[in-house]
Amino acid sequence: MDPQIIQLSNIEPEQLDGFLSIGWFRAAQTIFTTDILYFDGQVFDTIWLRIRLHDFVEDKKYKFLARKNSRFRTEIEKENITPAHESLYNTYKQSIPFEVASSIHSLLYGDSDKNAYNTWMINVYEKDTLIGTGCFDLGGNSAAGICSVYDPAYKNYSLGKYMIYEKMQFCKRNKFTYFYPGYFVPGYARFDYKLEIGKPAIEYFDPVQKNWFSL
């Protein structure tokens, strides 16, 4: 299936739930779906994932990361991009071997100055220095993880995974049913980390049967 894209000016919480439930996902101020991607001239399948938050428990990996990062201050709040966020994003962007959006504002807003989504942020600080940040969208009973970036000097703290876990914890505390981390790509290891977060509560979307199944 070729990518399908819808431009948005507004989206209600229940509409986002509906799109997520059939394998659609946010890109800037659009929502899209696809079941194939091209990397390095090759065609790969995309497998959309979600986590049943009712069945998500604090596994050993989360407990380990929570202890390891307990020295930092972690806050979750409504999205508010500051110069500190853009500086951190730029530092992160220079440390990775693939192309990403030019800024965190561009990643979320594209060419728009308005956000159709109910976006929240997780921020991780060492004292008053921002070392990690991530964004996620809230629907009615579902949430979607959009990005997680961190200062590469703190790579050994696995802040990317830690922030995804914390987003899920926040959503579970607030009685959400599902958390959608996006897709993974069989045969393309960059996305495999998503398969390790939230086991055994992970489901995948079958685009032929239009249904979700336990991974």
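Me: What percentage of the 215 residues of the chain count as buried?

Reply: In this predicted model, 49% of the 215 residues count as buried. A residue earns that word when its relative accessible area is under 20%.

Me: Why is Cys 135 called buried?

Reply: The relative accessible area of Cys 135 is 0%. The cut-off for buried is under 20%, and Cys 135 is therefore buried. Cys 171 also has a relative accessibility of 0%, so Cys 171 counts as buried by that cut-off.

Me: How do you know that Cys 135 is in no disulfide?

Reply: A disulfide is a covalent bond between the sulfur atoms of two cysteines. To count as one here, the two sulfur atoms must lie within 2.5 Å. A search of the whole structure finds 0 disulfides. For Cys 135, the nearest cysteine sulfur belongs to Cys 147 and is 4.0 Å away, so the pair does not meet the limit of 2.5 Å.

Me: What shows that Cys 171 is in no disulfide?

Reply: The nearest cysteine sulfur to that of Cys 171 is the one of Cys 135, 13 Å away. A disulfide requires the sulfur atoms to be within 2.5 Å, and Cys 171 is therefore in no disulfide.

Me: Why is Ser 70 called exposed?

Reply: Ser 70 has a relative accessibility of 57%. Exposed means over 50%, so Ser 70 counts as exposed. Ser 70 is placed in the loop between α2 (60-68) and β7 (73-78).

Me: What makes the phi of Asp 40 worth a remark, and is Asp 40 buried or exposed?

Reply: The phi of Asp 40 is near 55 degrees, which is a positive value in a residue other than glycine. Asp 40 sits in the loop between β4 (36-39) and β5 (42-45). With a relative accessibility of 71%, set against the cut-off of over 50%, Asp 40 counts as exposed.

Me: Why is Lys 175 called exposed?

Reply: Its relative accessible area is 70%, and exposed means over 50%, so Lys 175 is exposed. Lys 175 lies in the loop between α5 (159-173) and β11, and its phi is near 70 degrees, a positive value in a residue other than glycine.

Me: Why is the chain called as compact as a globular protein of that length?

Reply: The chain, which has 5 helices and 13 strands, has a radius of gyration of 17 Å. The globule rule gives 17 Å for 215 residues. The two values are close, so the chain is as compact as a globular protein of that length.

Key: Residues are numbered from 1 along each chain as its sequence is written. This is a predicted model: local features need pLDDT of at least 70, side-chain atom pairs count only at pLDDT 80 or more; totals for chains, interfaces and linings use all residues. Side-chain values use heavy atoms; hydrogens and water are left out. Buried means under 20% relative accessible area, exposed over 50%, partly exposed in between (1.4 Å probe, protein chains only). Helices (H or I, at least four residues) and strands (E, at least two) are DSSP runs, numbered from the N terminus. The radius of gyration is taken over C-alpha atoms; the globule rule is 2.2 Å times the number of residues to the power 0.38.
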